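Let's take a walk through this one together, starting with a single residue and working outwards. Keep the sequence and the 3D view side by side as you read.

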Amino acid sequence: MTTLELLPGLITTREEVVQAYGGSVFSGGIVPANDSNKVFVYSDPSVGEKHGYTFDGRADDDELGVLYLYTGAGSEGHQKMARGNKTLMETLDDGRDVHLFVSNGKAAPGKKLVKQRYVGQVVLDPSLPYVIRKAPDKHGEMRDVYVFRFRPAPGAVLHFEPKDSVQPAKKTAVVPLPVEQPALAATGVKDKKTEKHTTTQTIANIKGGPRTVLRREGQLVTAFEAFLTAAGHQFTSFQITVEGEPGAQVPDLYDITANVLYEAKGLTNRTNVRMAVGQLRDYRRLLKDEVPAGMRIAVLLPTEPTADIRQWLDSENIAIVVQNGETFSGFPVI
C-alpha cells in the first residue's frame, strides 16, 4: 500500500485511496476497507439530480451544527438496509471510521476517472442516522430511499465549498408517504429508528462534547399514531419539495379519516406553538390540491398550553390536541 494522508481539501481519486487503505474501486458509493478499519463514502449529488431528486449535499446547519446528507445505495426499487447501507449503519456500533469524499470533476477531459475531494471524517447522527424519502429510481419509478445524516466526527473539521450545498428543487411536488414503509422492514442491523423514536433520549457527540438529545416530538407522534390506530383512523404524511428551495419538508401527521393535519411540538411554550402555526399554514397552502376541501389544522402538544395560547389558537381556528397519559384530549377534532 502507498501512503496517502487524508487532509480535508485533498484532491485524490478512488484508485489512490484503495492503494493506500484497501477496499474496492467498483463497490458503489459506500466502500468498506476492512484492512484499515475504515468506510469511505463517495458523494456525487449530480447523480441524484439526473434522476430528479436533490437530497444530497451540505444542509443548513441546525441546533447540533453541521449536517451533510447522503442518499444511500440502490438505484432500482426500494432501497434495502443491506450491503453498503448496512455497512454504513453498522459504523454506529463497530467503531469503524467513516471518511467522506465529494466528486470534484473529471481527472482529464474525455476520461472516466473522477477526482474526489476529501471532506473529512464524519459520523452518522446518533439521534437520527437517516430519514426515508421518496425518489425516482433509474427507471423513473418512485421508491423509498435512505437519506443518511452525517455530522463531523469528534474533533474533525470538515472542508466544504459553496457548491457542496444541497441544490434547490427544480419543481414543486407533493408525494404521499405511506404509513408502512417497505424499505424499513427486516433491516438486519440493530434497531435505529428514523423520524419516530422508541427511546426518550440519546447521546450525540457534537462539537463541544457529548450532548443529550431529547426526542420529545418523535415520542409524541408515535403515541398519537397508536391512539389513532386504536380509534380506527387512517393516517399518512407527505414529502413536499418546493421549486427553488433545497431539501424536503415532511408534516408530522395527516389524519385521513378526520381530514386534519397535525404539527407536533415537544415543548408547550409560545415559541414552539408559533413555529407550529407557521408550519401548518404553509403546509395547508402547499397541500391544497392534495387533500379534500375543508382540511383542519391542529397543534399536537404534550401538555396543556396557557389560557392565552388557547385563546389565540381558537381565534385563528386552529385546534389543539393534548396528551393525557395514554389518551389525548381535543380528539376527534370537530
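Is Gly218 buried or exposed? It is buried, because the relative accessible area of Gly218 is 11%, and buried means under 20%, exposed over 50% and partly exposed in between, using a 1.4 Å probe and protein chains only. Before going on, bear in mind that this is a predicted model, where local features need pLDDT of at least 70 and side-chain atom pairs count only at pLDDT 80 or more, while totals for chains, interfaces and linings use all residues. Residues are numbered from 1 along each chain as its sequence is written, and side-chain values use heavy atoms, with hydrogens and water left out.

Gly218 belongs to helix α4; helices (H or I, at least four residues) and strands (E, at least two) are DSSP runs, numbered from the N terminus. Look across to Asp252, which is 34 residues away along the chain: its C-alpha atom is 9.0 Å from that of Gly218.

For contrast, try Ala73, which you'll find in the loop between β5 and α3 (83–94). Ala73 counts as partly exposed, because its relative accessibility is 33%. Its C-alpha is 6.9 Å from that of Gly29, although the two are 44 residues apart in sequence. Setting aside neighbours within four places, Ala73 is in contact (heavy atoms within 4.5 Å) with Ile30, Gln79 and Asn85.

Now zoom out. The chain's secondary structure comes to six helices and 18 strands, and 46% of the 334 residues are buried. Of the contacts between residues at least 6 apart in sequence, 61% join residues at least 24 apart. The chain exposes about 16600 Å², with carbon and sulfur atoms supplying 50% of that; accessible areas come from the Shrake-Rupley method with a 1.4 Å probe, and for residues only the protein chains shown count as cover.

What fills the inside? In soluble globular proteins, nonpolar side chains tend to be buried together. A nonpolar core here is a set of buried Ala, Val, Leu, Ile, Met, Phe, Trp, Tyr and Cys residues joined through side-chain atoms within 4.5 Å. The largest such core has 23 residues, and those with the most contacts inside it are Phe238, Ile240, Leu261, Leu287, Val299, Leu313 and Ile318. At least two residues each come from β13 (235–241), α5 (270–286), β16 (296–301), α6 (307–315) and β17 (319–324), and α5 gives the largest share, six residues. Click on Val299 and, not counting residues up to four places away, you'll see it touch Glu263, Ala276, Leu280, Leu313, Ile318, Ala319, Ile320 and Val321. There's also a second, separate core of 21 residues, which includes Val39, Met89, Leu124 and Tyr146.

Next, some strands. β6 is mostly covered, with seven of its 10 residues buried. On one hand, β6 runs parallel to β3, joined by six bridges, with Val41 standing opposite Leu100 in β6. On the other, β6 pairs with β7 in the antiparallel sense over seven bridges, and there Lys106 has Val114 in β7 as its bridge partner. (Two strands pair if DSSP finds at least two bridges between them.)

These strands turn up again around helix α1 (residues 14–21), whose buried residues are Arg14, Val17, Val18, Ala20 and Tyr21. Their cover includes β1 (11–13), β2 (30–33), β3 (38–43), β6 (97–106) and β7 (114–124). After α1 comes Gly22, with a positive phi near 95 degrees. The charged end of Arg14 sits over the ring of Tyr42, 4.3 Å from its centre; that label needs NZ of Lys or CZ of Arg within 6 Å of the ring centre and within 35 degrees of the ring normal.

Finally, the rings. The structure holds 14 aromatic pairs: rings of Phe, Tyr and Trp (its six-membered ring) pair if their centres lie within 6.5 Å, and planes under 30 degrees apart count as stacked, over 60 as edge-to-face and the rest as tilted. Tyr68 and Phe160 are stacked, because their ring centres are 5.8 Å apart and their planes at 10 degrees. This pair links distant parts of the chain, 92 residues apart, and both Tyr68 and Phe160 are buried. Phe227 and Phe328 make a tilted pair, 5.3 Å centre to centre with 55 degrees between the planes. Phe227 lies in helix α4 (residues 216–230) and Phe328 in strand β18 (residues 327–329), so this pair ties together parts 101 residues apart in sequence. Tyr21 and Tyr42 come back here too, in one aromatic cluster with Phe40, Phe101 and Tyr118.
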